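This report describes a structure for a reader who has not met it before. The sequence and the model come first, and the text follows.

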Amino acid sequence: KGEAGGTPNQSATIFNMAGQAIKSGEPLSLSSIMTNNGLVLGGTFITVPATGTYIVSYCVNRATNAAGTDSIVIAVDDVMERNTSMPLSDVSTTCGHFVMNLDEGNSLSLVPVVLNATWIEGNGGASATLTLVRIS
């Protein structure tokens, strides 16, 4: 039988309700805060306060003219984590959910990689959301 331990209460959700122009390689604007329990938030990123394992989830609304290889990816400290890439769609929302090992001070953002898409819609829901929850 192991030692009793506490569950970390470190989590946050940031989002943007407005539609937004997108450019390849530039983080999405996520300037509104739904919840914040112990993480550092900026207008485009969430920074983790402690090394651990986190559930990282995101959703991005319909992207105007999305086609081909247009995608959204999580960047950690401005480096795109290609295994978190999901294709953008002009007809439906794109979501991704990942378990990631992160180090203290890592900052996560959502970055489009696009050739065709130019706009993420803000009607019918947020243009983008990003959630982190520390699980260990």
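## Strand β11 and its surroundings

V99 lies in strand β11. The model is a predicted one, and in it V99 is exposed, with a relative accessible area of 59%. The cut-off for this class is over 50%. V99 also contributes to a nonpolar surface patch of about 310 Å², together with I55, V133 and I135.

Strand β11 belongs to an open sheet of five strands, whose order is β3-β1-β14-β6-β11. The pairing in this sheet is antiparallel. At the edges stand β3, residues 32–37, and β11, residues 94–102. Each of these two has a single partner strand, so one side of each has no neighbour in the sheet. On average, neighbouring strands here are turned by 10° against each other, direction ignored. As a general point, strands of a sheet pair through backbone hydrogen bonds, either parallel or antiparallel.

In the sheet order, β11 follows β6. Strand β6 covers residues 52–60, and nine bridges join it to β11 in the antiparallel sense. Within this pairing, S57 stands opposite H97 of β11.

## An aromatic pair between β6 and β11

How many aromatic pairs does the count come to? The count comes to one aromatic pair. The two rings are those of Y58 and F98, with centres 6.2 Å apart. Their planes stand at 25°, so the pair is stacked; planes under 30 degrees apart fall in that class. Y58 is in strand β6 and F98 in strand β11, so the pair links distant parts of the chain, 40 residues apart. Both Y58 and F98 are buried, whereas V99, also in β11, is exposed.

## Strand β8 and its partners

Is strand β8 mostly covered or mostly uncovered? It is mostly covered: six of its six residues are buried. S71, V73 and A75 point one way from the strand, while I72, I74 and V76 point the other way. Buried residues therefore occur on both sides of β8, since a residue counts as buried under 20% relative accessible area.

Three strands that pair with β8 are set out below.

| Partner of β8 | Bridges and sense | Bridge partners |
|---|---|---|
| β9 (residues 79–80) | two bridges, antiparallel | V76 and V79 |
| β10 (residues 86–87) | two bridges, antiparallel | I72 and M86 |
| β12 (residues 107–113) | six bridges, antiparallel | V73 and V111 |

With β9, strand β8 forms a hairpin that has two residues between the strands. In its turn, D77 has a positive phi of about 50°. The bridge partners V76 and V79 belong to this pairing of β8 and β9. I72, whose bridge partner is M86 in β10, points the same way from β8 as V76. V73, whose bridge partner is V111 in β12, points the other way, as do S71 and A75.

## The loop before β8

Where is A67 found? A67 is in the loop between β7, residues 63–64, and β8, residues 71–76. A67 is partly exposed, with a relative accessible area of 34%, while the residues of β8 that follow the loop are buried. G122 is 55 residues from A67 along the chain, and the C-alpha atoms of the two are separated by 19 Å.

Note on methods: Residues numbered from 1 in each chain as written. Predicted model: local features only at pLDDT ≥ 70, side-chain atom pairs only at ≥ 80, totals over all residues. Heavy atoms only, no water. Pairing = 2+ DSSP bridges. Helix = DSSP H or I, 4+ residues; strand = E, 2+ residues; numbered from the N terminus. Axes fitted to C-alpha atoms, helices over the stretch in contact; angles between N-to-C directions. Patch = residues over 30% accessible without salt bridge, like charges linked within 9 Å, V, L, I, M, F, W, Y side chains within 5 Å. Areas by Shrake-Rupley, 256 points an atom, 1.4 Å probe, with all protein chains shown as cover. Salt bridge = Lys/Arg side-chain N within 4 Å of Asp/Glu carboxyl O. Buried < 20%, exposed > 50% of the residue type's maximum accessible area, 1.4 Å probe, protein only. Phe/Tyr/Trp six-rings, centres within 6.5 Å; stacked < 30°, edge-to-face > 60°.
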